[in-house]
Amino acid sequence: MAAPHVNTAVADQDPAILTAMAQLLGPDGRSDPYTPARVLREAGPIHLTPIGHHLLTRYEDCAAVLSTTAWSHAEEAGMMHPTVSPENAAEELPTSFLWMEPPDHTRLRNLVTKGFTPRMVTRLRPRIEELTEQLVDTALAAGEFDLVELIAYPLPLIIACELIGVPKEAYGQVHQWSQDLARGFDHDYTLPEESLKARSAASRGFMGYFRELLNERRADPTDDLLSVLSLVEDRGDVLTEQELLATCITTFVAGHETTANLIGTGMLRLLRNPEQLDLMRARPELIAAAPDELLRLEPSVQITTRAATRPITVAGHDFEPGEGVVVLINSANHDPAAFPDPDRTDVTRYSDPMNPAKKHLGFSLGIHYCLGAPLALLEMEILIEVLLRKVGAMELLSENPPFKPNVVIRGLESLRVGFKPA
Ligand code: HEM
């Protein structure tokens, strides 16, 4: 059925809608973006913000935009980051293939894909298990602790560093840069001056550091991703140094922050729904499918943007070429038209391969579909498995744990929990 035509010539004026937009797109109210998303979704499939962005609320429209080439990820960077001028763009936001379209996107993505084959991810399992056990043992020894600090950040950080080839002594530095870049994904107008400065500094820091590492690898290659890519770069027709640096940084930041946030918010969901933990304890075969349900409910990447490449109508609005749109992943993933009882945490939702639930948008769709999805899901699966095996009782020590102010890449600041050995 065609979506009803809505008048999008002027921004929505309804105070309830304006409040919901402010809650959803501003740094406050991060603990619950789903209530304002529901208000917007129930009010209509498309809304125009006071600063002129169209927001899509429904699964069907969001999925359609992400999965067709009528929409590009390359042209809408200025929509989120208007303060980045063409002159300083290379320094501010290195253009990785995340913001490219074919043929450049295909050329670069294919290179990195070689480092993320299913075989390669399966080979990582024993190392992820070993590290997860160590982290959980340390946490158990502490009794009460911050799960974000002791597990959610170190697990994906160490795995990403080992995979890419970042040495131990740099873990603290790359973690800080990564956090500053993740915050910088938010729309510039929501960011304080110090966050914009921190983003630029992180970008420059990362590029200088990876340039140094690549020089070392060229002279003395190992089996990490940096070595593989540095050898490709030597054939200048395939990969320039700028593209190579951008690829390394994106793969690192995209993989580290997002997975840490899934672990934090996913565990919060489970601790608030302990019957789901009991169910997985009784039926361990459900554990493998649980991370998908947790990411559906708590997508680490809450929103993304695209620009039309040709005239196209979505949700009743006629988009002109170059016109941008905001895809509300957080709203689409909670749309009752796509997911029955959408706010319920149900670890069985993705467990039946014969009757799978609809694909959620937490890893996007189409040509930019997340390259690291199998790795992120595996890390979360192994963590649940280790916790259920080693931990008897788990308790939430703060009913309302604090969230970071990040809008696009959303996650917890801390999660105080108490664990007792099994
Ligand atoms: C829970 C964890 C993760 C989430 C929620 C996530 C989410 C996403 C999303 C939504 C996109 C597409 C953005 C868009 O279409 O606008 C994406 C792309 C990407 N992700 Fe992930 N990601 C996660 C983990 C990882 C990991 C572990 C890696 C690698 C180590 C990774 C590497 C990438 C790369 C390289 C892209 C760009 C793909 C392209 O443009 O073709 N991600 N991710």
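Tutor: Two strands pair if DSSP finds at least two bridges between them. In this predicted model, local features need pLDDT of at least 70 and side-chain atom pairs count only at pLDDT 80 or more, whereas totals for chains, interfaces and linings use all residues. Residues are numbered from 1 along each chain as its sequence is written.

Student: Which are the edge strands of the open sheet, where each strand pairs on one side only?

Tutor: Strands (E, at least two residues) and helices (H or I, at least four) are DSSP runs, numbered from the N terminus. Five strands make up this open sheet with mixed pairing, in the order β1-β2-β8-β5-β3. Pairing on one side only marks the edge strands, which are β1 (46-48) and β3 (71-72).

Student: Thanks! Which residue of β5 stands opposite W71?

Tutor: Look where β3 meets strand β5 (residues 303-308): the two pair in the antiparallel sense over two bridges. In β5, the residue opposite W71 is A308.

Student: And helix α3, which packs on that sheet: what angle does its direction make with that of β8?

Tutor: Angles run from 0 to 180 degrees between N-to-C directions, and axes are lines fitted to C-alpha atoms, for helices over the stretch in contact. Contact needs C-beta atoms, placed from the backbone, within 7 Å. Helix α3 (residues 59-67) touches β2 (54-56), β3, β5 and β8 (324-328). With the direction of β8, its own direction makes about 125 degrees.

Student: On to the sheet of three strands: how many degrees does the twist average from one strand to the next?

Tutor: This sheet is open too, with antiparallel pairing in the order β4-β10-β9. Its edge strands are β4 (144-146) and β9 (391-396). From one strand to the next, the twist averages 30 degrees.

Student: Which residue in β10 stands opposite F145?

Tutor: Strand β10 (residues 416-421) pairs in the antiparallel sense with β9 over five bridges, and three bridges join β4 to β10, also running antiparallel. L396 stands opposite V417 in β10. F145 has a residue of β10 opposite it as well, and that residue is V417.

Student: Let's turn to the helices. Is α1 parallel, antiparallel, perpendicular or oblique to α2?

Tutor: Helix α1 (residues 15-25) and helix α2 (residues 34-43) pack at about 135 degrees, with their axes 8 Å apart. Angles under 35 degrees count as roughly parallel, over 145 as roughly antiparallel, 65 to 115 as roughly perpendicular and the rest as oblique. The angle therefore makes α1, relative to α2, oblique.

Student: What classes of residue make the contact of α1 with α2?

Tutor: From α1 come A16, I17, A20, Q23 and L24, and from α2 come P36, A37, V39, L40 and A43. Ala, Val, Leu, Ile, Met, Phe, Trp, Tyr, Cys and Pro count as nonpolar, Asp, Glu, Lys and Arg as charged, and the others, Gly among them, as polar. The tally is nine nonpolar, one polar and no charged.

Student: How is α11 oriented relative to α13?

Tutor: Helix α11 (residues 193-219) packs against α13 with axes 10 Å apart, at an angle of about 110 degrees. That angle makes α11, relative to α13, roughly perpendicular.

Student: And how do α9 and α13 run relative to each other?

Tutor: Helix α9 (residues 154-164) and α13 pack with axes 8 Å apart. L155, P156, L157, A160 and I164 are the residues of α9 that meet α13, where the partners include C248, F252 and G255. The angle between the two helices is about 155 degrees. Relative to each other they are therefore roughly antiparallel.

Student: Now the ligand: which element gives the most to the shell around it?

Tutor: The shell holds 26 residues (each with a C-beta atom, placed from the backbone, within 6 Å of the ligand), and the closest are G255, T258, S364, C370 and G372. Elements giving two or more residues are α6 (104-113), α13 (241-272) and α17 (373-390). By class, the shell has 13 nonpolar, 12 polar and one charged. With seven residues, the element that gives the most is α13.

Student: One last thing: what kind of peptide bond joins P102 and P103?

Tutor: P103 is in the loop between α5 (89-92) and α6. Omega of the bond joining P102 and P103 is about 5 degrees, and the bond is cis.

Methods. Two residues are in contact if their C-beta atoms, placed from the backbone, lie within 7 Å.
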